[in-house]
Amino acid sequence: MSEYPIRIGPVEFKNPWFAASGCFGYGLEYKEHIPPSELGAVVTKTVTPLPRAGNPVPRLQETASGLLNSIGLQNVGLEAYLRDKLPPLVEAGGVPFVSISAASLDEYARMAERLTEFPEVVAVEVNLGCPNVDAGGDRDAAEARAVEHFTRTVKERLPDRAVAIKLTPNVTDMVPLARGAEQGGADAIVAINTLGGMDIDLERARPTFARERAGLSGPAIFPVALLKVWEITGAVRIPVVAVGGIASEREVLKFFMAGATAVQLGTVLFSKPTLLREVRSGVRRFLDARGLTHPHELRIARARETADEGPSQEGGKAWVPTR
Ligand SMILES: Cc1cc2nc3c(=O)[nH]c(=O)nc-3n(C[C@H](O)[C@H](O)[C@H](O)COP(=O)(O)O)c2cc1C
């Protein structure tokens, strides 16, 4: 029996526990710790039309309670992904949520058309939020009209797949971007990608990363992600997949209370690849203690409307805390 089934557009997933892009390889690298079949979906490392070598090293730097990365979308490219990485994931029972990134509408169109030939790719996450590349990164998708065009280009070609749009938090307000995605036909919003940040190497007296700018993830960003998810769930009708700073079942529960439909485990998987088990049992205990049967029932009511149109997703029924 499915654990807590959820729906994103035309696709039903058996549970709301997803692995975040870039933090779970292509889906099999962590199989001793998390068999991919236990996840509702595996969001793969973002693939681009051609292979990318990524940015010069160093690419990772720990911070007080987070991680800076400047990977630069290192990946094998779409064709090698489809040939070498997708079949073993499907064979292992993983549900591929393929993350894609491209530098133009034409490239997005071609990638989406190629994916139509692979029905096992039930879902596509369009990565519009990478801070670590020059073309096709967060700065090219920091405006609602651009997000709408990118979304429409992909969704029109993949009407029978779940198309989720992953947005950057590196803007003053993510809500217009989320509305742009919804307008373009997105089935879900994924929030958030990493926050722009940097570090300076004290000995060498220069920026640590070759591109200077990097992306911050991990526990430090959870409160930011929670606010963004809260604002977006208050403004759009489509599901919101929450990602950013999950370190235990407590953040997961808070994301559901903020109206998330599913959650993605990211940076935490590097240090605690077994967290999924704890999340599952912790969420179940929390729900059972309150007589609830699905994490979506956790969604809390709003005292204030965050958007002019107000919240309109299904749910929103307030539950009474027992303590
Ligand atoms: C090393 C690393 C690589 C990442 N690569 C990608 C990527 O290829 N595509 C993408 O959409 N997000 C990527 N992300 C962002 C994560 O998917 C996630 O949005 C972000 O890290 C926030 O979640 P977290 O705090 O739980 O890690 C990467 C993050 C890290 C730490």
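**View 1. Two cysteines that stay apart.** At 12% relative accessibility, cysteine 23 counts as buried, because the term applies to residues under 20% relative accessible area. This is a predicted model, and every view below is drawn from it. Cysteine 130 is buried as well, with a relative accessible area of 6%. Where is the nearest cysteine sulfur to that of cysteine 23? It belongs to cysteine 130 and is 12 Å away, and cysteine 23 is in no disulfide. Because a disulfide requires two cysteine sulfur atoms within 2.5 Å, the count for the model comes to zero disulfides.

**View 2. The closed barrel of parallel strands.** Eight strands close into a barrel, and their order around it is 3-4-7-8-9-10-15-16, with parallel pairing. Strands of a sheet pair through backbone hydrogen bonds, either parallel or antiparallel. On average, and with direction ignored, neighbouring strands of this barrel sheet are turned by 25 degrees against each other. One of the pairings joins strand 4 (residues 41-43) to strand 7 (residues 96-100) in the parallel sense, over two bridges, and here valine 42 has proline 96 of strand 7 as its bridge partner. Two helices can be followed against the barrel strands in this view. Helix 1 (residues 78-91) lies across strand 4 and strand 7 and runs at about 155 degrees to strand 7, while helix 8 lies across strand 3 (17-19) and strand 16 (262-265), running at about 160 degrees to strand 3.

**View 3. Strand 8 and its two partners.** How many of the five residues of strand 8 (residues 123-127) are buried? Five of the five are buried, and the strand is described as mostly covered. Both faces are covered, with Ala123, Glu125 and Asn127 buried on one side and Val124 and Val126 buried on the other. Strand 8 pairs in the parallel sense with strand 7 over four bridges, and it pairs in the parallel sense with strand 9 over five bridges. Glutamate 125 takes part in both pairings: it is the bridge partner of serine 99, and its bridge partner in strand 9 is alanine 164.

**View 4. The helices that link strands 7, 8 and 9.** From strand 7 the chain crosses through helix 2 (residues 105-115) to strand 8, and this β-α-β crossover is right-handed. Strand 8, helix 3 and strand 9 also make a right-handed β-α-β unit.

**View 5. Helix 4 and what covers it.** Which residues of helix 4 (residues 175-183) are buried? They are Val175, Leu177, Ala178, Gly180 and Ala181. The elements that cover these buried residues include helix 3 (144-157), strand 9 (162-166), strand 10 (188-191) and helix 5 (222-233). After helix 4 comes glycine 185, whose phi is positive, near 100 degrees.

**View 6. The nonpolar cores, with tryptophan 17 in focus.** The largest nonpolar core has 74 residues, of which Trp17, Ile100, Val126, Ile165 and Phe255 touch the most other members. Helix 8 (residues 275-289) gives the most to this core, with six residues. A second, separate core of 17 residues includes Ala41, Val43, Phe97 and Val190. If neighbours within four places in sequence are left aside, the residues in contact with tryptophan 17 include Glu3, Tyr4, Leu39, Gly40 and Ala41, and also Val252, Phe256 and Val263. Among its other contacts are Leu276, Val279, Arg280 and Val283.

**View 7. An open antiparallel sheet.** Apart from the barrel, an open sheet of four strands can be traced in the order 5-6-14-11, and its pairing is antiparallel. Strand 5 and strand 11 (195-197) are the edge strands, each pairing on one side only. From one strand to the next, the twist averages 35 degrees. Inside the sheet, three bridges join strand 6 (residues 66-69) to strand 14 (residues 214-217), and these two strands run antiparallel. Asparagine 69 has glycine 215 of strand 14 as its bridge partner.

**View 8. Glutamate 62 on strand 5.** Is glutamate 62, which lies in strand 5 (residues 60-63), buried or exposed? Its relative accessibility is 66%, so it counts as exposed, since that term begins over 50%. Glutamate 62 and alanine 303 are 241 residues apart in sequence, and from C-alpha to C-alpha they are 38 Å apart in space.

How values were computed:
Residues numbered from 1 in each chain as written. Predicted model: local features only at pLDDT ≥ 70, side-chain atom pairs only at ≥ 80, totals over all residues. Heavy atoms only, no water. Buried < 20%, exposed > 50% of the residue type's maximum accessible area, 1.4 Å probe, protein only. Contact = heavy atoms within 4.5 Å. Core = buried A, V, L, I, M, F, W, Y, C linked by side-chain atoms within 4.5 Å. Pairing = 2+ DSSP bridges. Axes fitted to C-alpha atoms, helices over the stretch in contact; angles between N-to-C directions. Right-handed = clockwise from strand over helix to strand, strands pointing away.
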